[in-house]
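Q: Please take a close look at one part of this structure and at what surrounds it. Please explain each technical term when it comes up.

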Amino acid sequence: MSDGSAGTVVLVHGGFVDGSGWQGVYHQLTKDGYTVSVVQNPTLSLEGDVAATKRVIDAQGEPVILVGHSYGGAVITEAGTHPNVAALVYIAAFVPDKGESVNTLIGGFPTDGPQPPILPPQDGFLFLDRGKFHGSFAGDVSDEEAAFMADSQVPWGVDALGGTISDPAWRSKPSWYLVTTEDRMIPPPAQREMSARAGSTVVEVAGSHSIYVSQPAAVAELIEKAAEDVRSAVH
């Protein structure tokens, strides 16, 4: 790497939250010598979030490890075909195929398991039930931090969930996937199914949907593994 960095990482957040949740992962990666950028998705439409992500990728001087959490997985699946993306890393994320959306994937979840406590849309936007946020979205995050996350929710546009994939990047780029075995937003069996379909290298960690907040070291470790594997494949 010409600038002496260990590699370049772009982090993409999911629905109901913003990019600040990546702070712990960011600190770990930068401490280890990586150049890191965090995308702030408007989460109004998939198309808009893909455009926001591509702008950040465009600004990087070297090939990027593109990381997505939750809905961010759909964003990186569409944005990851960018020629400057070397690999994809999915963190408890949706991995749609061509013509699929987050909505179609949620529609395939087992009905007998925990259901995401998404409230009915208001003016085209979704929120999680504040009282159920901690248990569903952030089970292993402190009460105080989970309350802050619930009270600072970003409205998630229904168009973002309905946006379909045109050309899934995982069909042409290597991918890694972190399965969260205590997840109550995306059922672990669905995570395993999506990651297997994508041919991802999979690591499983006992943690909630907010693993990137609660266990940043585990998340950073998988991202660094992806970066190292990409580097050794090039040399």
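A: Among the parts that cover the buried residues of helix α3 are β1 (7–12), α2 (46–58), β3 (64–69), β4 and α4. Here helices (H or I, at least four residues) and strands (E, at least two) are DSSP runs, numbered from the N terminus, and covering rests on contact, which means heavy atoms within 4.5 Å. The model is a predicted one, in which local features need pLDDT of at least 70 and side-chain atom pairs count only at pLDDT 80 or more, while totals for chains, interfaces and linings use all residues. Residues are numbered from 1 along each chain as its sequence is written, and side-chain values use heavy atoms, with hydrogens and water left out.

Helix α3 spans residues 72–79, and eight of its eight residues are buried. A residue is buried under 20% relative accessible area, exposed over 50% and partly exposed in between (1.4 Å probe, protein chains only). The buried residues of α3 are Gly72, Gly73, Ala74, Val75, Ile76, Thr77, Glu78 and Ala79.

One residue that touches this helix is Pro96, whose contacts include Gly73, Ala74 and Thr77. Pro96 lies in the loop between β4 and α4 and is buried, with a relative accessible area of 0%. Beyond the helix, Pro96 also touches Leu105, Ile165, Pro168, Trp170 and Arg197, where residues up to four places away in sequence are not counted. Pro96 and Ile165 are 69 residues apart in sequence, yet their C-alpha atoms are 6.8 Å apart in space.

The loop that holds Pro96 also contains Ala92. The phi angle of Ala92 is near 45°, a positive value in a residue other than glycine, and Ala92 is buried with a relative accessible area of 0%. A contrast is offered by Asp123, in the loop between α4 and β5. Asp123 likewise has a positive phi, of about 55°, although it is not a glycine, but Asp123 is exposed, with a relative accessible area of 77%.

Aromatic rings come next. The structure holds six aromatic pairs. Rings of Phe, Tyr and Trp (its six-membered ring) pair if their centres lie within 6.5 Å; planes under 30 degrees apart count as stacked, over 60 as edge-to-face and the rest as tilted. Phe94 and Phe109 form a stacked pair, 6.2 Å from centre to centre and with 5° between the planes. Phe94 lies in the loop between β4 (85–91) and α4 (102–107) and Phe109 in the loop between α4 and β5 (125–126), so this pair ties together parts that are 15 residues apart in sequence. Both rings belong to buried residues. Elsewhere, ring pairs link Phe16, Tyr71 and Trp156 into a cluster.

Phe94, Phe16 and Trp156 appear again around an enclosed space, the largest cavity: its lining has 13 residues, and those nearest its centre are Phe16, Ser70, Phe94, Trp156 and Met185. A cavity is found on a 1 Å grid over the protein atoms alone, as a set of points where a 1.4 Å probe fits but cannot get out; lining residues have an atom within 4 Å of a point. The largest cavity has a volume of about 90 Å³, where grid points are joined across faces, edges and corners and a volume is the space filled by probe spheres set on the points. By class, this lining has 10 nonpolar, three polar and no charged residues. In this count Ala, Val, Leu, Ile, Met, Phe, Trp, Tyr, Cys and Pro are nonpolar, Asp, Glu, Lys and Arg are charged, and the others, Gly among them, are polar.

Finally, the wider interior can be considered. In soluble globular proteins, nonpolar side chains tend to be buried together. The largest nonpolar core here has 75 residues, and Ile65 and Ile223 have the most contacts inside it. Helix α10 (residues 216–234) gives the largest share of this core, eight residues. A nonpolar core is a set of buried Ala, Val, Leu, Ile, Met, Phe, Trp, Tyr and Cys residues joined through side-chain atoms within 4.5 Å. Leaving aside neighbours within four places in sequence, Ile223 is in contact with Val9, Leu11, Val25, Leu29, Ile65, Val67 and Val89.

Technical notes:
1 Å grid on protein atoms, 1.4 Å probe; cavity = no way out; pocket = protein on both sides within 12 Å on 5 of 7 lines; lining within 4 Å.
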